[in-house]
Amino acid sequence: MKTKISGIELRRIAMPLVAPFRTSFGVETRRDVLLVRVVTSDGEGWAECAAMSEPRYCSEYVDGAQDVLRKFLIPALPKDGVDAAAVGRTLEPFTGHHMAKSALETAVLDAQLRLAGESFGSYLGAARDRVPCGVSVGIMNSVPELLDAVDRYVAEGYVRIKLKIEPGWDVEPVRAVRERFGDDLLLQVDANAAYTLVDAQQLAKLDAFDLLLIEQPLANNDMVQHAQLAKILRTPICLDESIESAADAAAAISLGACSVINIKPARVGGYLEARRIHDLARAHGIPVWCGGMLETGIGRAANIALAALPGFTLPGDTSGSHRYFATDITPPLRPHRRPPRRPHRPGPRHRAAPRDPRRGHDREGMDSPLTSVPNATARPGTRSRRLRLSTFRPQGRVDLAQSACLPLTSSRIATGSGRQAHPSRVALDPRQAPRRGFRRRGRHAHRRAVMYGPVSDIIAIAPAEIALVLDSVRSSAARLGTTLDALTDPQAREPSALPDWSRGHVVTHLARSADAYRWLLTLARTGSEPGPRADAATLDRALREGAGRAATHLVADLNRSLDLLFDEAAAMPVDRWTTPVTALAGWHHPAWFTLHRCRRELETHHVDLNLGYTTADWPADYVTWALNDTLAALAAQHFPLARIEAVDLDRTWNLSSTGATVSGPGHALLAWLGGRGTDPQLRSDLPLPTPPRWPLPPAPGVMATSKLLLGYDTANPGIDLGFGQA
């Protein structure tokens with residue numbers, strides 16, 4: 001839809017910060033804000049340029065952005081109207097200036113969406129109505145001052161803390177925060193390109209603190225060196241300044257330069273390019289999060305809408321505006337224990353609000369050279385004490401005390417690729433959902449799941465393949481049923497192969513797992529949650545209470561749960577199998593992968609019952625699939641393995657250029673990697689490393705073909721996973 005523009009106004013506002021904000025490239029005491037207002041015959045659109053006063057974060061700065069907008073970008077817009085989706089192509093001949101381009105494109109898009117009555121979030125493809133809030137904490141004068149600041153933000157309900165670091169201010173402040181607030185605090189650091197590869201060993205010291213990620217440790221143009229650093233650090237590397245386009249993101253993923261991407265719409269040229277990066281990263285299983293540039297409420301509301309897209313699986317820098325400004329130019333965004341709502345009214349929802357002249361920060365108003373702007377208060381070269389435009393109509397505010405993201409306008413939301421996604425598939429409160437089921441698995445578990453959990457939902461799977469997988473699950477269940485038919489009450493109370501679990505515990509666990517998988521399939525089929533979801537505490541209680549039942553009751557319970565699961569699978573339309581779902585542990589995968597998870601539990605716990613069924617009884621197709629899945633997940637976590645050879649399957653997996661080469665029967669390899677003992681048939685040129693706790697989260701980027709995932713690609717005896725070599 002083309003928007004006929006009658007005028008464009010550029011307005012400068014000086015916004016003092018409530019406290020100096022120090023990063024590795026300098027100290028800011030105020031924001032020099034450049035606002036862009038696009039006026040049409042039917043309304044207006046607003047945006048802000050995120051460029052800073054000086055070209056330190058990147059080459060752009062606010063005076064330069066204003067100049068290039070006036071001289072080149074605004075005059076380039078077609079006089080007969082422009083579609084927001086075409087603004088980027090129109091401005092492409094002008095090199096660089098992404099922040100200026102972003103402001104102009106966003107203002108046009110805002111005007112277009114207000115005219116159409118469509119919300120910013122639904123246009124972008126939001127998949128949830130709340131987003132979690134993180135906060136960025138600048139470099140402080142002392143560690144006690146830092147701890148006081150973090151304490152305030154934690155008390156305000158922020159779910160993630162990001163610490164700015166630089167040489168000389170890295171290990172000690174991070175250690176102090178981790179020791180003060182414990183392992184449960186989601187903690188990450190941002191170096192703003194302050195280090196070089198020479199500092200690798202210093203940065204490696206941060207591995208001890210179980211960080212979510214380290215953001216942009218090296219220079220913007222050092223993707224190759226970031227890839228080298230990734231081989232040294234256990235902490236995942238996130239790129240920020242290095243990513244200025246979807247092409248940059250593709251290059252970084254290909255090189256292995258990052259495992260996470262920070263998407264700042266202003267840095268990449270606008271929200272449409274930001275969505276393209278989101279779609280690319282999601283297709284490769286790379287988590288993304290929304291960064292911030294000290295935006296006012298105008299930019300902050302748009303960022304919240306972007307952060308509601310399904311691939312934004314980590315808390316973003318979407319803190320409340322009071323974090324930076326005593327008085328914002330919009331109704332204030334305030335954080336709360338519940339994450340912020342995504343704006344659902346037309347446009348980004350937060351618009352510039354009239355200001356008290358005693359608090360006015362307006363620096364300069366300027367009509368664009370495109371046409372004059374009716375009713376503009378200030379003229380070029382003048383100073384005004386307040387922002388006073390007759391067309392201001394402040395809309396309802398996003399009050400984080402009541403929520404924090406935005407109600408969806410319909411039950412199905414169009415994603416960036418044109419497909420439909422259901423909002424309920426993403427946990428509304430990541431502070432709770434990702435942690436359930438992880439506490440018992442160690443301090444690194446839920447963070448690793450966050451990093452490696454997302455799996456693309458774009459992989460198509462044929463009905464015949466679904467039938468094959470479903471039949472394999474039924475076969476696994478039938479073999480288990482044959483074993484359990486002979487189970488006696490004394491046997492049910494005897495220990496299983498799992499520590500502290502009787503056989504009754506194992507059977508009860510399998511029944512409740514089948515219920516959980518059915519819940520996910522029903523969600524994928526219908527798009528709505530089929531009743532409350534059992535959390536970790538509920539499942540633990542059910543396990544304790546159910547383990548002591550008679551053998552006949554245990555087996556009947558499991559059979560009933562499996563029958564209901566198979567009934568739900570049979571009712572699933574083919575096109576719903578690719579629907580992304582979220583496991584209780586926080587892992588994201590297509591619905592069809594739920595069948596694989598169920599089969600893995602049936603086969604593994606059948607062995608754990610210790611009733612005569614061993615790993616040697618595992619079917620070859622199951623072993624092949626499970627090795628594919630397990631080794632890809634291990635490679636993504638840089639597990640020290642170079643090569644795996646399944647001698648009975650005539651298959652090899654190349655993981656990296658370093659580490660152990662292990663060979664043996666496929667079932668013995670899988671048992672070792674799954675924590676089910678070390679078979680004497682295994683051979684290794686180095687001491688066998690200890691695998692992480694089973695099960696592992698789905699790995700990124702390995703669902704390239706459904707055949708590889710299904711384990712039926714027997715024509716390809718060698719697989720190069722490649723993760724460890726990136």
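What follows is a chat between a trainee and a mentor about a predicted model of a protein chain.

Trainee: Before we zoom in, how many helices and strands are there in the protein chain?
Mentor: The secondary structure of the protein chain comes to 22 helices and 20 strands, and buried residues make up 61% of its 726 residues.

Trainee: And what share of the contacts joins residues 24 or more positions apart?
Mentor: If you take the contacts in the protein chain with a separation of 6 or more, residues 24 or more positions apart account for 73% of them.

Trainee: Okay, sheets next. In what order do the seven strands of the open sheet come?
Mentor: The order is β4-β5-β6-β7-β8-β9-β10, and the pairing is parallel. At the edges you find β4, residues 134–137, and β10, residues 288–290, each of which pairs on one side only.

Trainee: Which helix packs on that sheet, touching β9 and β10?
Mentor: That is helix α11, residues 271–283, and its direction makes about 165 degrees with that of β9, which spans residues 260–263.

Trainee: What about the middle of the sheet, how many bridges are there between β6 and β7?
Mentor: Strand β6, residues 186–190, and strand β7, residues 214–215, pair in the parallel sense over two bridges, and you can find the place by looking for D190, which stands opposite E215 in β7.

Trainee: What actually holds strands together in a sheet?
Mentor: Strands of a sheet pair through backbone hydrogen bonds, in either a parallel or an antiparallel way.

Trainee: Switching to the inside: how many residues are in the largest nonpolar core?
Mentor: The largest nonpolar core has 106 residues, and those with the most contacts inside it are V137, L163, L206 and I261. Helix α3, residues 98–116, gives the most to this core, with nine residues.

Trainee: Let me follow up on I261, what is it in contact with?
Mentor: Leaving aside its neighbours within four places in sequence, I261 is in contact with ten residues you can pick out in the viewer, including C238, L239, I277, V288 and W289.

Trainee: And which residues does the second, separate core include?
Mentor: That second core has 70 residues, and A524, A569, L595 and Y613 are among them.

Trainee: New topic, aromatic rings. How many aromatic pairs does the structure hold?
Mentor: The structure holds seven aromatic pairs. In one of these, the rings of F120 and Y271 have their centres 5.2 Å apart and their planes at 80 degrees, so the pair is edge-to-face.

Trainee: Where in the chain do F120 and Y271 sit?
Mentor: F120 is in helix α4, residues 120–124, and Y271 is in helix α11, so to speak a link between distant parts of the chain, as the two are 151 residues apart. F120 counts as buried at 0% relative accessibility, and Y271 is buried too, with a relative accessible area of 6%.

Trainee: Which rings are linked into a cluster by ring pairs?
Mentor: The cluster is made of W592, F593, W618, Y622 and W625.

Trainee: Which rings have a charged end sitting over them?
Mentor: The charged end of R275 sits over the ring of Y123, 5.4 Å from its centre, and the charged end of R474 sits over the ring of F566, 4.5 Å from its centre.

Trainee: Last area, helix α21. Why is it described as largely enclosed by the rest of the structure?
Mentor: Eight of the eight residues of helix α21, residues 666–673, are buried, so the helix is largely enclosed by the rest of the structure. What covers those buried residues includes α20 (620–636), β16 (641–646) and β18 (660–664), and after the helix comes G675, whose phi is positive, near 75 degrees.

Trainee: How do β16 and β18 pair, in the parallel or the antiparallel sense?
Mentor: They pair in the parallel sense over five bridges, with A646 standing opposite G664 in β18. Strand β18 is also joined by two bridges to strand β19, residues 683–684, and these two run antiparallel, with S684 in β19 as the bridge partner of V662.

Trainee: Why is β18 called largely enclosed as well?
Mentor: The reasoning is similar in form: four of the five residues of β18 are buried, so this strand is largely enclosed by the rest of the structure.

Technical notes:
Residues numbered from 1 in each chain as written. Predicted model: local features only at pLDDT ≥ 70, side-chain atom pairs only at ≥ 80, totals over all residues. Heavy atoms only, no water. Pairing = 2+ DSSP bridges. Contact = heavy atoms within 4.5 Å. Axes fitted to C-alpha atoms, helices over the stretch in contact; angles between N-to-C directions. Core = buried A, V, L, I, M, F, W, Y, C linked by side-chain atoms within 4.5 Å. Buried < 20%, exposed > 50% of the residue type's maximum accessible area, 1.4 Å probe, protein only. Phe/Tyr/Trp six-rings, centres within 6.5 Å; stacked < 30°, edge-to-face > 60°. Lys NZ or Arg CZ within 6 Å of the ring centre and 35° of its normal.
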